[in-house]
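Biologist: I have a model open and would like to go through it with you. Can we start with the helices and then move to the sheet?

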Amino acid sequence: MTLIKSKKRVVDHGEVYTPDWLVDAMLDLVKDETERLDSRFLEPACGNGNFLTKILKRKLAAVELKYGKSDFDRKHFALLSVMCIYGIELLKDNIAECKANLLEVFESYLNIEMQDDLYRSASYILSKNIVHGDALTM
């Protein structure tokens, strides 16, 4: 993974990406919270969702451990996990990429398709939870 999309974006917006190994190390510092299904996370400069997708993956791993035997519970708590993730991003193309990355993780975990009600629910939730804005000035 490259840490920048372009030099211009770095200069204009200070956009750089955190490497995966550092994201994992930072999330390990709050491991219990990343595995608590109702724990909320806000990424004030979410970019393409580098942190948020890893958080969702950790939450879904916890869902599988606790509720993997019940299809209803898996779906219910997977959706709850999505509901507890929030992001603010300055650049609109990053917002779209972040939402798509989160939906891909959710879709893959539940093995569902875009036409599925759960997919549409998660998509709607992310349309409200991942927003365009400047977290410094709001």
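Biologist: How are H4 and H5 oriented to each other?
Modeller: H4 and H5 count as roughly antiparallel, because angles over 145 degrees get that word, while under 35 is roughly parallel, 65 to 115 roughly perpendicular and the rest oblique. Their axes cross at roughly 155 degrees and come within 9 Å. Axes are lines fitted to C-alpha atoms, for helices over the stretch in contact, and angles run from 0 to 180 degrees between N-to-C directions. Helices (H or I, at least four residues) and strands (E, at least two) are DSSP runs, numbered from the N terminus.

Biologist: What kind of model is this?
Modeller: This is a predicted model, where local features need pLDDT of at least 70, side-chain atom pairs count only at pLDDT 80 or more, and totals for chains, interfaces and linings use all residues. Residues are numbered from 1 along each chain as its sequence is written, and side-chain values use heavy atoms, with hydrogens and water left out.

Biologist: Back to the two helices. Which residues make the contact?
Modeller: From H4, Leu56, Lys59, Leu60, Val63, Glu64 and Tyr67 take part. H5 brings Asp73, Arg74, Phe77, Ala78, Ser81 and Val82. Contact means heavy atoms within 4.5 Å.

Biologist: Now the sheet. What is the strand order?
Modeller: The order is E1-E2-E3 in an open sheet with parallel pairing. Two strands pair if DSSP finds at least two bridges between them.

Biologist: Which strands are at the edges?
Modeller: Those are E1 (41-43) and E3 (130-132). Each has a single partner strand, so one side of each has no neighbour in the sheet. On average, neighbouring strands are turned by 15 degrees against each other, direction ignored.

Biologist: How many bridges join E1 to E2?
Modeller: Three bridges join them, and three join E2 (residues 85-89) to E3. Gly87 of E2 is the bridge partner of Glu43, and Gly87 is also partnered with Ile130 in E3. Another pair is Ile88 with Val131 of E3.

Biologist: Is E2 mostly covered or mostly exposed?
Modeller: E2 is mostly covered, with four of its five residues buried. Buried means under 20% relative accessible area, exposed over 50%, and partly exposed in between (1.4 Å probe, protein chains only).

Biologist: Which helix lies across E1, E2 and E3?
Modeller: That is H4 (residues 50-67), running at about 175 degrees to E2.

Biologist: And Ile55, which is in H4: what does Ile55 touch?
Modeller: Not counting residues up to four places away in sequence, Ile55 touches Leu27, Thr34, Phe41 and Ile85. Its relative accessibility is 3%, so Ile55 counts as buried.

Biologist: Last topic, the largest nonpolar core. Which residues touch the most other members?
Modeller: Of its 32 residues, those are Leu52, Leu56, Val82, Leu102, Phe106, Leu110 and Ile130. A nonpolar core is a set of buried Ala, Val, Leu, Ile, Met, Phe, Trp, Tyr and Cys residues joined through side-chain atoms within 4.5 Å.

Biologist: Which helix gives the largest share?
Modeller: H6 does, with eight residues.

Biologist: What is Phe106 in contact with?
Modeller: Leaving aside neighbours within four places in sequence, the contacts of Phe106 include Leu56, Leu60, Ala78, Val82 and Tyr119.
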